[in-house]
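I sat down with this one to look up how some of the helices pack, and then a couple of backbone oddities. My notes are below.

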Amino acid sequence: MTTLTKAAPPLARRPRHPYRAALATARGRTGLVLVGLVVLAGLLAPLLSGHGPTDQSALTLAGPGTPGHPLGTDDLGRDLLSRLLHGIRADLGIIAIAVPLGAVLGCLSALAAAAHPLADTVVQRAFDLILAFPGLILALAITAILGPGRLPVITVIALAEIPVFGRLLRTGILVQRGREYVTAARVGGTSGGRILTRHILPNAADPLVVQITVSLTVAVFIEGAMSFLGVGVRPPEPTLGAVLSQSMPYLAQAPHFAVGPLVTVTALVLGLSLTAEALNREIRR
């Protein structure tokens, strides 16, 4: 008597390229489009704007559609489109330096902590010290030392991200160290350094990729908040936060003044958030 056995369904496999798969989803594509449009506008700022960001004219608070000024002008007669585009360019330059710097320093701190228990204690107390300062107090303290400008903004963002990346990688290393494949590699005579670089770090890196996208979003808010409070980039250089801050006294008289930076920040943050969510969902599969 023959018995028929039903073949077991194949096990679900994670795609070879999870990042590519994540960015191919609806969330990933939408996020990439939004971020890409904002980045492209910033990169092409000199070509898309017919005026310099600090050029003044006699037209003050002109509305959208004014000849030569598609988005109107600000209270000093400066072209809002030009200031918006160059503000995007300035913001992208700041976060493109600050977030990778914070990520690298945080990861190096985590690797140092993984090397020795004493180093781990020192690094964790340093992280606690940074996290003990509220973001606003940290920004004011750094600005008081360095003065307003790009450098204090970059410093504040990088400092805020060091504990985030450091503790995330440290947790990943501790989790991976307890896995069977690490024990097998250690029993097989593989050196500790090789286990760390060839086995542990590649498997602990996925959350860092998601965190970079999240940190870019946080950096946009930090830069905007510092510029809004007047402790960021020096005027008259435009940033999104600075343009938004300058529009506050004129919201009733010229609401168009604030529309450009608000829409841009919303698009950038939404795009980064959708991208981070798509990456996180694919990595956790």
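Started with the contact between helix 4 and helix 10. On the helix 4 side I listed Asp91, Ile94, Ile95, Val99 and Cys107. They meet Leu208, Ile212, Ser215, Leu216, Ala219, Val220 and Glu223 in helix 10. Sorted by class, that contact has nine nonpolar, one polar and two charged residues. This is a predicted model, so the usual caution for my notes.

Next I looked up the geometry of that pair. The axes of helix 4 and helix 10 come within 9 Å and cross at roughly 130°. That angle makes helix 4 oblique to helix 10. I noted the crossing as right-handed.

While on helix 4, I checked its length. Helix 4 covers residues 80-115, which is 36 residues, and at 1.5 Å a residue it should span 52 Å. Its end C-alpha atoms are 52 Å apart, so the two agree.

What caps the N-terminal end of helix 4? I found Asp79 there, with a side-chain oxygen 3.5 Å from the backbone nitrogen of Leu81.

Moved on to helix 7 (residues 150-177) against helix 10. They pack at an angle of about 150°, with the axes 10 Å apart. Angles over 145 degrees count as roughly antiparallel, so helix 7 gets that label relative to helix 10. Helix 7 passes helix 10 in a right-handed crossing.

I pulled the residue lists for this pair too. From helix 7 the contact includes Pro152, Val153, Val156, Ile157, Ala160 and Glu161, as well as Val164, Phe165, Leu168 and Leu169. Among their partners in helix 10 are Pro207, Gln211, Val218, Ile222 and Met226. Leu208, Ile212, Ser215, Ala219 and Glu223 are on the helix 10 list here, and I had already written those five down for the helix 4 contact. The class split for helix 7 with helix 10 is 16 nonpolar, two polar and two charged.

Third pair: helix 10 (residues 206-228) and helix 12 (residues 256-283). Their axes come within 9 Å and cross at roughly 165°. The two helices are therefore roughly antiparallel to each other. This crossing is left-handed. From helix 10 I noted Asp206, Val209, Val210, Thr213 and Val214 among the residues that touch helix 12. Helix 12 contributes residues including Val265, Leu268, Val269, Leu272 and Ile283. By class I have 13 nonpolar, five polar and one charged for this contact.

Last, the backbone. Most residues other than glycine have a negative phi, and most peptide bonds are trans. With that in mind I flagged two spots.

Where does Leu61 sit? Leu61 is in the loop between helix 3 (45-48) and helix 4. Its phi is positive, about 55°, although Leu61 is not a glycine.

The other spot is a cis peptide bond joining Pro235 and Pro236, with omega about 10°. Pro236 lies in the loop between helix 10 and helix 11 (240-247).

Methods. Residues numbered from 1 in each chain as written. Predicted model: local features only at pLDDT ≥ 70, side-chain atom pairs only at ≥ 80, totals over all residues. Heavy atoms only, no water. Helix = DSSP H or I, 4+ residues; strand = E, 2+ residues; numbered from the N terminus. Expected span 1.5 Å × (residues − 1). Polar contact = N/O pair within 3.5 Å; in protein donor to acceptor, adjacent residues only side chain to side chain. Axes fitted to C-alpha atoms, helices over the stretch in contact; angles between N-to-C directions. Parallel < 35°, antiparallel > 145°, perpendicular 65-115°, else oblique. Left-handed = near helix turned anticlockwise from the far one by under 90°. Contact = heavy atoms within 4.5 Å. Nonpolar A, V, L, I, M, F, W, Y, C, P; charged D, E, K, R; others polar.
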